[in-house]
Amino acid sequence: FFTVAMPHVSFRTNYRKAYRTVRRPFEKERLDQELKLCGEYGLRCKREIWRVQYMLSKVRKAARTLLMCDLKDPKRLFETPPLIRRLKRYGVLTDEENSLDDILKLTTQIFMERRLQTKVFKLNLAKSIHHARVLIRQRHIRVGKQVVNVPSFLVRTDSEKHIDLAVDSPYGNGRPGRVARRRAAQRAAAGGDDEDV
């Protein structure tokens, strides 16, 4: 008998949930706060808030476990600088904030401000926060040379100045869109009819 080899799959799909649902679903203060965040940052659903909160809780948990270690503990000495450096790279911590206590002061809003959707709106590339989301989803925005169509993309501080309209976008220097091309053709046709008369 010969054995049939399984096809090799070079990628792995991560099936882990990236968010955690709330314990008390009908708490009025939290519902009002989430609705305000959804409107302020142009979010699609509350799951986007929960995803950021889950990320924040993981960062805070890492900081808390390191704070529980002794000051001279090798684990604390080894793991604290990379954690702070990573958060600074994403612009979540400022250059003056260098301690684990500063990580515990982080809020959901600080992470929301680093989203690509918020940055596109703040850079006046879009008329509103909702327009910013549409532009990103329709592949009109690039970060550096890469077109990014994920509104929740966290922008690093060094990438911030490279956010711009995509090269092949009609808003950039690309060819006009489908409707603009059709209208131009109609105008050209109407112009041709006038000349015949």
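The exercises below work through the pockets, one helix, one buried residue and the sheet of a predicted model.

**Exercise 1.** Find which residues line the largest pocket, and state which helix gives the most to that lining.

*Solution.* Begin with the space itself, which amounts to about 290 Å³ in the largest pocket. Next, go around the lining, where you will meet Arg20, Thr21, Val22, Arg23, Arg24, Glu27, Arg30, Trp50, Gln53, Tyr54 and Ser57. Sorting these residues by character gives five charged, three polar and three nonpolar. Finally, look for the element behind them: helix H2, which runs over residues 46-68, gives the most to this lining, with four residues.

**Exercise 2.** Describe the second largest pocket by its volume and by the character of its lining.

*Solution.* The volume of the second largest pocket is about 170 Å³. Its lining is made up of Ala18, Glu48, Arg51, Val52, Tyr54, Met55, Lys58, Phe111, Arg115, Ser152 and Leu154. By character, these residues divide into six nonpolar, four charged and one polar. The largest share of this lining comes from H2, which supplies six residues.

**Exercise 3.** Determine how far H2 reaches, which of its residues are buried, and what covers them.

*Solution.* From its first C-alpha to its last, H2 reaches 33 Å with its 23 residues, which is close to the 33 Å expected at 1.5 Å a residue. Within H2, the buried residues are Glu48, Ile49, Trp50, Val52, Tyr54, Leu56, Val59, Ala63 and Leu66. The cover over these buried residues includes helix H1 (28-41), helix H3 (74-89), helix H4 (100-104), helix H5 (108-113) and helix H7 (129-137).

**Exercise 4.** Decide whether Thr108 counts as buried or exposed, and name the residues that Thr108 touches.

*Solution.* First place the residue, which is found in helix H5. Thr108 counts as buried because its relative accessibility is 11%, and the cut-off for buried is under 20%. Leaving aside residues up to four places away in sequence, Thr108 touches Leu37, Val52, Gln53 and Leu56.

**Exercise 5.** Work out the order of the strands in the sheet, and identify its edge strands.

*Solution.* The open sheet consists of three strands in the order E2-E1-E3, and their pairing is antiparallel. Strand E2 (146-147) and strand E3 (163-165) are the edge strands, since each pairs on one side only. Turning to one of the pairings, strand E1, residues 141-143, joins E2 in the antiparallel sense over two bridges. To locate a bridge in the model, start at Val143, whose bridge partner in E2 is Gln146.

Note on methods
Residues are numbered from 1 along each chain as its sequence is written. This is a predicted model: local features need pLDDT of at least 70, side-chain atom pairs count only at pLDDT 80 or more; totals for chains, interfaces and linings use all residues. Side-chain values use heavy atoms; hydrogens and water are left out. On a 1 Å grid over the protein atoms alone, a cavity is a set of points where a 1.4 Å probe fits but cannot get out, and a pocket is an open set with protein on both sides within 12 Å along at least five of seven lines; lining residues have an atom within 4 Å of a point. Grid points are joined across faces, edges and corners, and a volume is the space filled by probe spheres set on the points. Ala, Val, Leu, Ile, Met, Phe, Trp, Tyr, Cys and Pro count as nonpolar, Asp, Glu, Lys and Arg as charged, and the others, Gly among them, as polar. Two strands pair if DSSP finds at least two bridges between them. The expected span of a helix is 1.5 Å times one less than its number of residues. Buried means under 20% relative accessible area, exposed over 50%, partly exposed in between (1.4 Å probe, protein chains only). Contact means heavy atoms within 4.5 Å.
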